[in-house]
Amino acid sequence: MTEPHYDITGHGPVLLLMPGGAGHPMGLGPVTDALSAHFTVVTYDPLGLAHGRLGEPVEDQRVQDWSDGARRVLDATLLEGESAYVFGTSAGAIAALDLLARHAERLRHVVAHEPPCVGVLPDGARQRAAFREVPEVYRAKGLAAAGALMTAVLEERAAGELPAGQPLSREEELVNPMALSLAHVIGPFTSYVPEAGPSRVRLTVAAGTDSRGHLLYRTAEFLAKTQQADFVEFPGGHLGVLQHPVAYADLLTRTFLGTDPRS
């Protein structure tokens, strides 16, 4: 078993940051810097893509492997008896939910932003089938077509004619985190259904204000209800943590440290 990959910034209580996509923490520098004024931010890189492994072979990913790796990161960074705050977005939010279900003993409060666990919805079978088409289109027509289809799925509208394109070579795919996400993450992660019911660890499910009316906003609201969790709106859309890092970090800090995030 390889050692998990992570970076540490700041001082204070431990906050485990779990990125979306293929887990590459690209673009998270600004929000990490803002959060590090209040937390020891531990940024998890499940595939080691930012730690010298970009370009190495990648297999289809398992949610449980990401959450097991996150548990090992916490074991390496927490002192005995301590617990951590956890923030996950998109695929990272799915892994955070599994971490909560299977390793809650090291957790204090989990915020899951727009986890694409669409199977929880009453129409979950149809939504999961829609997501399964995305990697198929990626393999047949390339990144642009798959991206257009995924946008349509998230906005719950017909995709229309997809842009023409060519599949990436294996070598091109292995150095492209977005391609890795489409090929090896989106299918298994959108098929994940979290355990139902409340946990003894506090859970907050979040969605972006710009995602209102979209699939993952509806998923987040429904998940919060079924998990008896808090629901909070964050700035921006699905990529709000990248779009509005300072405002996002401020609200996340207030959510974790007890100030009413709605005030």
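**Exercise 1. Find which element gives the most residues to the lining of the second largest pocket, then describe that pocket.**

Solution. Start with the helix: H3 is the top contributor to the lining of the second largest pocket, giving five residues. Keep in mind that we're working on a predicted model.

Next, take the whole lining. It counts 22 residues, and the ones nearest the pocket centre are Thr2, Pro46, Leu47, Gln61 and Asp65. Two elements supply two or more lining residues here: strand S3 (40-45) and helix H3 (63-77).

Now sort the lining of the second largest pocket by class: you get 10 charged, eight nonpolar and four polar residues. Its volume comes out at about 500 Å³.

**Exercise 2. Work out the strand order of the open sheet and say which strands stand at its edges.**

Solution. Walk across the sheet strand by strand. The order reads S1-S3-S2-S4-S5-S6-S7, seven strands in an open sheet with mixed pairing. Strand S1 (5-9) and strand S7 (230-234) are the edge strands; each has a single partner, so one side of each has no neighbour in the sheet. From one strand to the next, the twist averages 20°.

Then zoom in on one pair. Strand S2 (residues 14-18) runs parallel to strand S4 (residues 84-89), and the two pair over four bridges. Want a spot to check on screen? Look at Leu16, which stands opposite Val86 in S4.

**Exercise 3. Place H3 relative to the strands.**

Solution. Go back to the helix from the opening exercise. H3 lies across S1, S2, S3, S4 and strand S5 (107-113). For its direction, use S3 as the reference: H3 runs at about 145° to S3. Put that beside the pocket result, and you'll see H3 and S3 turn up again, as the elements giving two or more residues to the lining of the second largest pocket.

**Exercise 4. Describe the largest pocket: its volume, its lining and the helices that supply it.**

Solution. Volume comes before anything else: the largest pocket holds about 850 Å³ of space.

Then the lining. There are 34 residues around the largest pocket, with Ser90, Met150, Met178, His238 and Leu239 nearest its centre. Split by class, that lining has 18 nonpolar, 13 polar and three charged residues.

Last, trace the helices. At least two lining residues come from each of helix H6 (143-154), helix H8 (177-184), helix H9 (186-190) and helix H11 (240-243). H6 gives the most to this lining, with four residues.

Conventions:
Residues are numbered from 1 along each chain as its sequence is written. This is a predicted model: local features need pLDDT of at least 70, side-chain atom pairs count only at pLDDT 80 or more; totals for chains, interfaces and linings use all residues. Side-chain values use heavy atoms; hydrogens and water are left out. On a 1 Å grid over the protein atoms alone, a cavity is a set of points where a 1.4 Å probe fits but cannot get out, and a pocket is an open set with protein on both sides within 12 Å along at least five of seven lines; lining residues have an atom within 4 Å of a point. Grid points are joined across faces, edges and corners, and a volume is the space filled by probe spheres set on the points. Ala, Val, Leu, Ile, Met, Phe, Trp, Tyr, Cys and Pro count as nonpolar, Asp, Glu, Lys and Arg as charged, and the others, Gly among them, as polar. Two strands pair if DSSP finds at least two bridges between them. Axes are lines fitted to C-alpha atoms, for helices over the stretch in contact, and angles run from 0 to 180 degrees between N-to-C directions. Contact means heavy atoms within 4.5 Å.
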